[in-house]
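Q: I am new to reading protein models, and I would like some help with the one below. Could we walk through it together, feature by feature?

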Amino acid sequence: MTEALIQLFAAGHDGLFEGLVLPLLSACGLMAYMEEAFDFTEWFLIGLLEVVFLAAVILPLERLAPAERRGPGGPGDRMRIDVAYTLLHRLGAFSIFIFAVLQTPVLKLRDILGDWGVPTIELDAALGLAYAPMLGALVYLVILDFVDYWIHRAQHKWNWWWALHAIHHSQRRMTVWTDNRNHLLDDIIRDAILAVLALFIGVTPSQFIGIVVFTRVWQSLQHANIGIPLPGLVSRALVSPGFHRLHHAVSIGHEGVSRGVNFAVLFPIWDMVFRTADWTADRRLAQHEPLEATGIRDQEQGVDYGTGFWSQQWIGLRNMLRALAPGRGGQTMGPS
Ligand SMILES: [Zn+2]
Ligand SMILES: [Zn+2]
């Protein structure tokens with residue numbers, strides 16, 4: 001079954017490349033980039049399958065059992081813009097593209113450091129998992145998710161970074177498409193940190209693609225407006241829609257000592273260990289109680305985070321520069 005699906009995917013990949021991409025490259029005089037275009041076609045197809053899965057499986061679940069029924073909201077809350085972000089991110093293979101761009105320079109740097117006597121790590125080989133790539137990928141997934149937790153803590157802690165990350169929190173109608181509403185600079189910084197780390201510890205391109213696809217699909221699910229609580233054990237093992245919804249809640253999601261709660265991207269264990277976990281929303285969902293409103297507190301006072309792609313990108317950048325300005329310290333931009 002799996003073998004048949006892989007063959008079907010490979011046939012689709014070849015067909016799209018030979019039928020459309022290759023003639024386009026030839027017409028534009030870009031045949032020198034054939035190899036890169038072949039890889040990009042594969043990433044595009046993977047992203048397309050993801051979007052089809054979100055639309056065919058998770059979207060109907062939102063309609064069937066929504067966590068909350070709310071009105072259409074303001075112009076900045078429309079779902080359409082989030083769909084555009086998702087298409088840009090998934091079809092444009094954002095994270096994988098950054099990994100591919102950084103691959104050569106980072107591996108060269110690793111070799112240079114190795115020549116200087118700095119020990120280099122192939123973690124899966126060191127753990128005896130060189131011939132078990134799936135198990136190796138699982139170990140890498142846990143390590144990258146741990147770092148992602150701390151990236152997310154920093155996105156809330158540092159005012160300049162919060163100014164960018166606030167664009168993600170500005171959607172007040174959570175849906176399956178909300179995950180990719182991000183400032184592009186925020187995406188690039190996070191993806192670059194994770195890609196450099198992955199390359200340094202020996203993650204292979206195919207392992208990285210597998211990790212990215214699983215993370216992206218699960219992140220879309222945890223933003224979905226689904227009112228069905230996950231079974232207890234699953235929701236303790238993987239971030240549930242209720243758990244992440246509280247991370248988006250007005251006030252509790254971005255204020256307080258840690259400037260928020262529930263920062264984990266995949267595994268809530270990090271929030272449990274570092275005392276930032278809050279299971280209130282899961283409990284409320286299970287007891288059919290109303291949920292916290294989502295968004296940022298100052299939106300209630302009329303602070304604008306943009307209604308379209310360019311205005312959101314501009315406002316995030318402007319707020320970041322203000323937060324970095326000498327003497328400002330970003331006090332008005334911070335989440336608390
Ligand atoms: Zn956040
Ligand atoms: Zn989120």
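A: Gladly! Let's begin with the metals: the zinc ion (ligand 2) and the zinc ion (ligand 1) are 5.7 Å apart. Please keep in mind that this is a predicted model, in which local features need pLDDT of at least 70 and side-chain atom pairs count only at pLDDT 80 or more, while totals for chains, interfaces and linings use all residues. Residues are numbered from 1 along each chain as its sequence is written, chains are lettered from A and ligands numbered from 1 in the order in which they are written, and side-chain values use heavy atoms, with hydrogens and water left out.

Q: Which protein atoms are the donors of the zinc ion (ligand 2)?

A: Donors are N, O and S atoms within 2.8 Å of the metal (3.2 Å for Na, K and Ca), and water is not among the atoms, so sites may look incomplete. Here the donors are the NE2 atoms of His168, His223, His244 and His248, lying 2.1 Å from the zinc ion (ligand 2). Along the sequence, these donor residues follow the spacing H-x54-H-x20-H-x3-H.

Q: How do I read the angles among the four donor atoms of that site?

A: Ideal angles at a metal are 109.5 degrees for four tetrahedral donors, and 90 or 180 degrees for six octahedral ones. As for cut-offs, four donors count as tetrahedral if all angles lie between 85 and 135 degrees; four count as square planar and six as octahedral if opposite donors are over 155 degrees apart and all others between 65 and 115; anything else is irregular. The site of the zinc ion (ligand 2) has angles of 89 to 164° among its four donor atoms and is irregular.

Q: Where along the chain do histidine 168 and histidine 244 lie?

A: Helices (H or I, at least four residues) and strands (E, at least two) are DSSP runs, numbered from the N terminus. Histidine 168 is in helix 7 (residues 159-169) and histidine 244 in helix 11 (residues 241-247), so this pair links distant parts of the chain, 76 residues apart.

Q: Are histidine 168 and histidine 244 buried or exposed?

A: Buried means under 20% relative accessible area, exposed over 50%, and partly exposed in between (1.4 Å probe, protein chains only). Histidine 168 is buried at 5%, and histidine 244 is buried too, at 4%.

Q: What does histidine 244 touch?

A: Contact means heavy atoms within 4.5 Å. Not counting residues up to four places away in sequence, histidine 244 touches His168, Met174, Gln222, His223, Val239 and Asn262.

Q: Which residues coordinate the zinc ion (ligand 1)?

A: His152, His156, His165, His169 and His247 coordinate the zinc ion (ligand 1) through their NE2 atoms, at 2.1 to 2.2 Å. Their spacing in sequence is H-x3-H-x8-H-x3-H-x77-H. Among them, histidine 165 in helix 7 and histidine 247 in helix 11 link distant parts of the chain, 82 residues apart. Histidine 165 is buried, with a relative accessible area of 4%, and histidine 247 is buried at 0%.

Q: Helix 7 keeps coming up, so how many of its residues are buried?

A: In helix 7, 10 of the 11 residues are buried, so the helix is largely enclosed by the rest of the structure. The buried residues include Trp161, Trp162, His165 and His168. Among the elements that cover them are helix 3 (79-91), helix 6 (133-157) and helix 8 (184-201).

Q: How many aromatic pairs are there in the whole structure?

A: Rings of Phe, Tyr and Trp (its six-membered ring) pair if their centres lie within 6.5 Å; planes under 30 degrees apart count as stacked, over 60 as edge-to-face and the rest as tilted. A search of the whole structure finds 17 such pairs. In one of them, the rings of phenylalanine 17 and phenylalanine 38 have centres 5.0 Å apart and planes at 90°, so the pair is edge-to-face. Phenylalanine 17 belongs to helix 1 (residues 2-27) and phenylalanine 38 to helix 2 (residues 34-64), so the pair ties together parts that are 21 residues apart in sequence. Phenylalanine 17 is buried at 7% relative accessible area, whereas phenylalanine 38 is partly exposed at 30%.

Q: What does a stacked pair look like here?

A: Phenylalanine 99 and phenylalanine 208 are stacked, 4.1 Å centre to centre with 15° between the planes. Phenylalanine 99 is buried at 3% relative accessibility, and phenylalanine 208 is buried at 4%.
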